[in-house]
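Visitor: Please take me through one part of this closely, the meeting of the chains, and then through what lies behind it. I'd like the cut-offs spelled out as you go.

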Number of protein chains: 2
Amino acid sequence: MANFDITPLNKLVRGPKRASYDREQIYDILDGKFLCHIGYSWQGKTVVIPTAYGRKQDKIYIHGSLKNRMMLSLTEAGEACISVTHLDGLVLARSAFHHSANYRSVNIFGKVKNIEGKKEKMQALKCILNHMVPDHWEYVRHPNDKELSATMVLEISIDTASAKVRTGDAVDEKEDHELPVWAGIIPISETVGEPVYDPLLPDTIKAPESVLNYVKNNNP
Amino acid sequence: MANFDITPLNKLVRGPKRASYDREQIYDILDGKFLCHIGYSWQGKTVVIPTAYGRKQDKIYIHGSLKNRMMLSLTEAGEACISVTHLDGLVLARSAFHHSANYRSVNIFGKVKNIEGKKEKMQALKCILNHMVPDHWEYVRHPNDKELSATMVLEISIDTASAKVRTGDAVDEKEDHELPVWAGIIPISETVGEPVYDPLLPDTIKAPESVLNYVKNNNP
C-alpha cells in the first residue's frame, strides 16, 4: 500500500521522528479502536466530540440522529478531522521535562459525504457494527425502514492522514543518569472483561461466537 | 459546588437524559484521565490532537514546545474545546439500531491564556505531572531555566462544561425481547501494568511510593 502524501496539513513538524505516513500502520491503528474524537466548527467555535466509527478501505463511517449537531455541522463543512489514540503507557523520566507517554495516534483529514441510499446506508451501518465486534452484524436484527430513516450516516474519505507513535524508554539528559531517581514505564492498556448477560435474557440464549471471539481477541 | 450554566454551546440536545452539568461529576471524570483531545482551527480547518493535561480547580493546563502548531493556534484563537472520554463498555443489543457504548465524557469550553511567569509556569507543570502520577513532582528533577524557556504552557479556564454519561443495559424494542438473540455488556477498562524499570537504572534504585501508589490505585 502506498504511503499517504505529506502535505502542510498532515506533516508532523514537532517530533518528526515519531511520524509515519504508512497506510498499513495507519489502518492498523484505526482498526484497533472504535471510538474516535471528531472536530467540527459550530458558529465559529471548534467542538470536539467522541463518537463510534467503522473503517472500510479508505473510508470512515459514523452515524447519528438526523438532528445531531455534529452530524449536521460536518455535512455543512464538507470536511472533517478525526483523531484516534491508543495510550500504551506512562513514560516516567528522572527529570520532569522528559516525562512522556507511549502512544499510537492517527489524524485523518477528509471529505464528508451524507450517505442517503438505503442500501449504502445499510452497508455503512454494517461496517460500523462489525468494526466494533467483528462478524456481529449477521447475528442481530437489522435496521428496519423506520430506524434507517431516523439514522444519518456520514462517509469520511481518508484523504490525508498521519500517525504519531512513541515507544520505548524514557530519554533523559545524560547527566541525569547519575541522579538517584527511578525511571521507567507504567504500561497502560485497554482491557475487555467477560460478557455480562442482559438480565432479561432467557437461560437458553448464550453469547454468540462474535462476542466470545471479541473477548478472546482483545485480551492478552 | 454549583452546576455549570447551561448555554447553547454546552447544552446536550441529543440524549438529554444522559447529560450532566454537575461540577463535581465533571471534575471527577476529568481527574480520572490525563489524556484529552483538543480542537483547534488552523487555516480554516478544524484539527483534533491528543494531549496530556492537568486540572487544578477550574483550570486545565497543557504544555508543548514553543513552535507547536496546536499551542500557537490555541493562543491565537484565545479559546479551546477539550474532550475527555472514559470508555466503559460495549452495549450489545438484540437489534443493530440499539447498539451503544457505556461511557463517561466531558466537554469543556474555555478561554486560553499563555502562562509566561516563571513561577506560574512551574506550578502549572507541577499540576500536569501530579495529575498524571499524584505526588510524583517532588520526587523528580524540576525543570531548569533552559527547559522552562523551551516549554509553552497554556491555561484553559473551564468556563462552560457538560458531561454525557451512559450506563446500564441495552435498551431494545419490547417486541425484540422475544428474539433468540443474545444481548449484554462487554466491559472495557483501562488497566495499568507493573512498572517496567529503565534498563540503565542501578540495582539500588527502587520505584518510589508515587509510582507504586499509582499502580495500586489504578487497578481494580
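Guide: I'll start with the contact between the chains, then move on to the strands, a helix and a few single residues.

First, some ground rules. This is a predicted model, so local features need pLDDT of at least 70 and side-chain atom pairs count only at pLDDT 80 or more, while totals for chains, interfaces and linings use all residues. Residues are numbered from 1 along each chain as its sequence is written, and chains are lettered from A and ligands numbered from 1 in the order in which they are written.

Now the contact itself. On the chain B side 77 residues are involved, and they meet 78 residues of chain A; being in contact here means that the C-beta atoms of two residues, placed from the backbone, lie within 7 Å. Quite a few elements of chain B supply at least two residues each to that side, among them β2 (35–42), β3 (45–52), β6 (79–92), β7 (100–115), α3 (118–132) and α5 (209–217). Those labels are DSSP runs numbered from the N terminus: helices are H or I with at least four residues, strands are E with at least two. The top contributor is β10(B), which gives nine residues to the side that touches chain A. By residue type, that side splits into 48 nonpolar, 17 polar and 12 charged. For that count, Ala, Val, Leu, Ile, Met, Phe, Trp, Tyr, Cys and Pro are nonpolar, Asp, Glu, Lys and Arg are charged, and the others, Gly among them, are polar.

There is strand pairing across the chains as well. β10 of chain A (residues 184–192) runs antiparallel to β11(B), joined by two bridges, and two is what DSSP has to find at the least before a couple of strands counts as a pair. One of the residues to click on is A:Ile185, whose bridge partner in β11(B) is B:Val196.

How are the two chains related? Chain B lands on chain A after a rotation of 180° with 0.0 Å of shift along its axis, at an RMSD of 0.0 Å. The two copies are therefore related as by a two-fold rotation axis. The superposition is a least-squares one on the C-alpha atoms of residues with pLDDT of at least 70 in both copies. Both copies use the same surface, with 100% of the contact residues of chain B recurring in chain A. Within chain B, the residue closest to the axis is B:Glu190, its C-alpha at 2.2 Å.

Behind the contact, look at β8(B), residues 151–157. Five of its seven residues are buried; buried means 20 or more other C-beta atoms within 10 Å of the residue's own, exposed means 12 or fewer, partly exposed is in between, and C-beta atoms are placed from the backbone. β8(B) pairs antiparallel with β5(B), residues 59–65, over seven bridges, and B:Ile60 has B:Ile156 as its partner there. β8(B) is also antiparallel to β7(B), over four bridges, with B:Ile115 bridged to B:Val153.

β7(B) also holds B:Ser100. B:Ser100 is partly exposed because it has 18 C-beta neighbours inside 10 Å. Leaving out residues up to four places away in sequence, B:Ser100 touches B:Val91 and B:Arg166. Its C-alpha is 8.8 Å from that of B:Gly89, 11 residues apart along the chain.

Over in chain A, helix α2 (residues 69–77) has A:Met70, A:Met71 and A:Leu74 buried. They sit on the same side of α2(A) because they cover an arc of only 100° around the axis, going by the directions from the helix axis to the C-beta atoms. The cover over the buried residues of α2(A) includes β5 and β8 of chain A. Just past that helix, A:Gly78 has a positive phi of about 80°.

A:Asp135 has a positive phi too, about 65°, although it is not a glycine. It lies in the loop between α3 and α4 (145–149) of chain A, and it is partly exposed because it has 14 C-beta neighbours inside 10 Å.

Zooming out, chain A has five helices and 11 strands, and 40% of its 220 residues are buried. Its C-alpha atoms fill a box of roughly 70 × 50 × 35 Å along the principal axes. Of the contacts in chain A with a separation of 6 or more, 73% link residues 24 or more positions apart.
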